[in-house]
Amino acid sequence: MNNVTIGQYIAGDSWLHKLDPRIKLFSLVILLVATFLIPVSSDLTPLFSMIVLLVLVIGLTISSKVPLKKVLNGLKPIVFLLTFTFVIQLFYVKTGQMVAGPFDMYISVTSIAAIILFLVFYNFTKKYIKFRILYFFLAVFIVFFLQAILPYVELTSYTIEIYDQGLLRAGFIFLRITNVIILTSLLTFTTMTTDLNYGIEALLKPLKIVKVPVDMIAMMLSLTLRYIPTLLIETEKIMKAQASRGVDFKESTFKEKISQIISLLIPVFVISFKRSEDLGNAMEVRGYVIGAKRTRIDEYIISLKDILTIIIATLVLALVIYLRVI
Amino acid sequence: MGIQFKDVGYQYKGIKVNYDALSGVNLNIAEADEFVAIIGHTGSGKSTLVQHMNALLLPTQGEVNVLGQILPPRKKEKINHLRQKVGLVFQFPEYQLFEETIIKDIMFGPKNFKSTEEEALEKAKKAATIVGILPELYEQSPFRISGGQMRRVAVAGILAMEPKILVLDEPTRGLDPKGRKDLMKIFKDLHEIEHKSIVLISHDMDIVSEYAKRVIVMDKGHIVFDGKKEDLFEHPNFESFHLELPTPLKILKHLEKEIGLPYEPKYDFDSLLSYLKEANHE
């Protein structure tokens, strides 16, 4: 349960924590746009600028004193996606110079058997490996390697040619996704939900002209973010309570698992309905009226530091655009 | 046998620092005929301690021996069976109800421990009778009964597994005085008639003094007192535990000071009343 990083705020007093939420959110948007504006290509300039951007983002992380490991943990859920895109890019881009291959890959009785055996082995051993993500990469590599070395009793075969363009593109997309994930998780790690709420509200304000209920949307967003950790805690409690009644989420068969999930889902639903009703009442009792004009306890004042931040972010964007244009 | 803690420590992992929830805990709880109350302030490690008793948490230091099974277990050792032998009732257990009918919900525990449908039904009916859920409620939805009844159904869900040791985490929290008394009577009967060991966390000193035989006081993850309740309430350094006295003892101390009634410890209201009547006659 602890590896869900969305919506977690890590208390701290670095400059990133103290940055005005509007500026922080806006700079994030600028940096994200910059990340996506770097053209997907295999030239060295975009790749180089992407690496520079990644270094910048890692520098930001270090200066915010959020443990880098915690940020990288946010990548875990998408490791599969990352690997998948990497492999696809690697095999399907066939321009530029061939750097490796051609490799003849055989789908044969022996290689299929070997792959199945290996996957079983992988599933058993992965519990004991510390660097699980590296182990996963290794496993993907071995699956292809087995196809290359076991041509016996062949069913069908194909060739893999790895071109430098493909390698560069694959690496590029890999870096881009990593960059986006780190940037966005950095925002939630260093911004309290109330601040985030204010930032979103302020940035969406122009939409008010076209009658979009901005304050309502911002409140909904911030409440949702606020309740992710709470619901996780409740879920953990229910899991423990059901475990005390013999539900074993680890040592059970698939058929048992279905009824176990139900024993978890229904109580969590009941609790979240009850909680939201309580919350609604508590808000109303304290005078919350939808659409009414509200004042804040904290006034946000933009300081020199905020202006510098946004200038630097804009400069990064300008540089990226400049590199793209020439 | 029973439950033994040997120099047990447990750390919660924080983002930057680890936080000691338990340290250096040594404890012995017999398999039968114990009624232990665990008291202490919020955050003193009571809930963490009891969650070790049915292997929901595994000690990060030292070891726990639960009915012969050593925790943390060696690789491949299954520990799920411990949860049948040591029944743990959580705080606000009514939130764990989920089935369509009350009786099905009570049957959920036994069925998880490989009872057949008929066995589970029989066990469930027995448990429902113990907690006083009437047969006409069996087919009702557990979400349509009162809070007190929901609590009983949840407790029955644990009792239906027929645990040897019953662990209760603040079972009376949020109940009215009558509900509290009724629920405690169930546990008292289980203890006296079936000689089950009961471990109880409570903030209510009146309940502790009336029902428990032995009291464990916890503070900041350590056990600071472990002994008979008589010894605790007469402890010369009682103030150092930052606990309140149970109401009957408070009354008696007050009367001794105000009207010179000789102090004699009484741990529940009934014996207090008869003592006062006796004193009145003399």
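**Exercise 1. The two domains of chain B**

Work out how many residues of domain 1 of chain B are in contact with domain 2 of chain B, and describe that side.

*Solution.* Start with the count: 10 residues of domain 1 of chain B are in contact with eight residues of domain 2 of chain B. Keep in mind that this is a predicted model.

Next, find the elements involved. On the side of domain 1 of chain B that touches domain 2 of chain B, α7 (205–211) and α8 (229–233) of chain B each supply at least two residues. The largest share comes from α7(B), with five residues.

Then look at the chemistry. That side of domain 1 divides into six charged residues, three nonpolar and one polar.

Finally, place the domains: domain 1 of chain B covers 3–244 and domain 2 covers 245–282. Their centres, taken over C-alpha atoms, are 32 Å apart.

**Exercise 2. Where the chains meet**

Describe the side of chain B that touches chain A.

*Solution.* First the contact count: 19 residues of chain A are in contact with 21 residues of chain B.

Now the elements. Two or more residues on this side of chain B come from each of α2, α3 (102–112) and α5 (147–159) of chain B. Of these, α3(B) gives the most, three residues.

Last, sort the residues by type: 11 are nonpolar, seven are polar and three are charged.

**Exercise 3. The build of chain A**

Decide whether chain A is spread out or a compact globule.

*Solution.* Begin with the inventory: chain A has 12 helices and two strands. Read from the N terminus, the order is α-α-α-α-α-β-α-α-β-α-α-α-α-α.

Now compare two numbers. The globule rule gives 20 Å for 326 residues, but the radius of gyration of chain A is 25 Å, well over that value, so chain A is more spread out than a compact globule. Along its principal axes, the C-alpha trace spans about 75 × 65 × 40 Å.

To finish, check burial: 21% of the 326 residues in chain A are buried.

**Exercise 4. A walk along helix α10 of chain A**

Trace α10(A), noting its span, its kink and its packing partners.

*Solution.* Helix α10 of chain A takes in residues 214–244 and reaches 45 Å from its first C-alpha to its last, close to the 45 Å expected.

Partway along, a kink of about 30° lies at Ile228(A), shortly before the proline Pro229(A).

Now pick out the buried residues of α10(A), among them Ala218(A), Ser222(A) and Ile238(A). The buried residues of α10(A) pack against α9 (193–204) and α11 (254–285) of chain A, together with α2 (82–85) and β6 (86–89) of chain B.

After the helix comes Gly246(A), with a positive phi near 95°.

Note on methods: Residues numbered from 1 in each chain as written. Chains lettered and ligands numbered in written order. Predicted model: local features only at pLDDT ≥ 70, side-chain atom pairs only at ≥ 80, totals over all residues. Helix = DSSP H or I, 4+ residues; strand = E, 2+ residues; numbered from the N terminus. Rg over C-alpha atoms; globule rule 2.2 N^0.38 Å. Buried ≥ 20, exposed ≤ 12 C-beta atoms within 10 Å, placed from the backbone. Expected span 1.5 Å × (residues − 1). Bend = angle between axes of the 7 residues up to and from the residue. Contact = placed C-beta atoms within 7 Å. Nonpolar A, V, L, I, M, F, W, Y, C, P; charged D, E, K, R; others polar. Domains from an automatic or database assignment.
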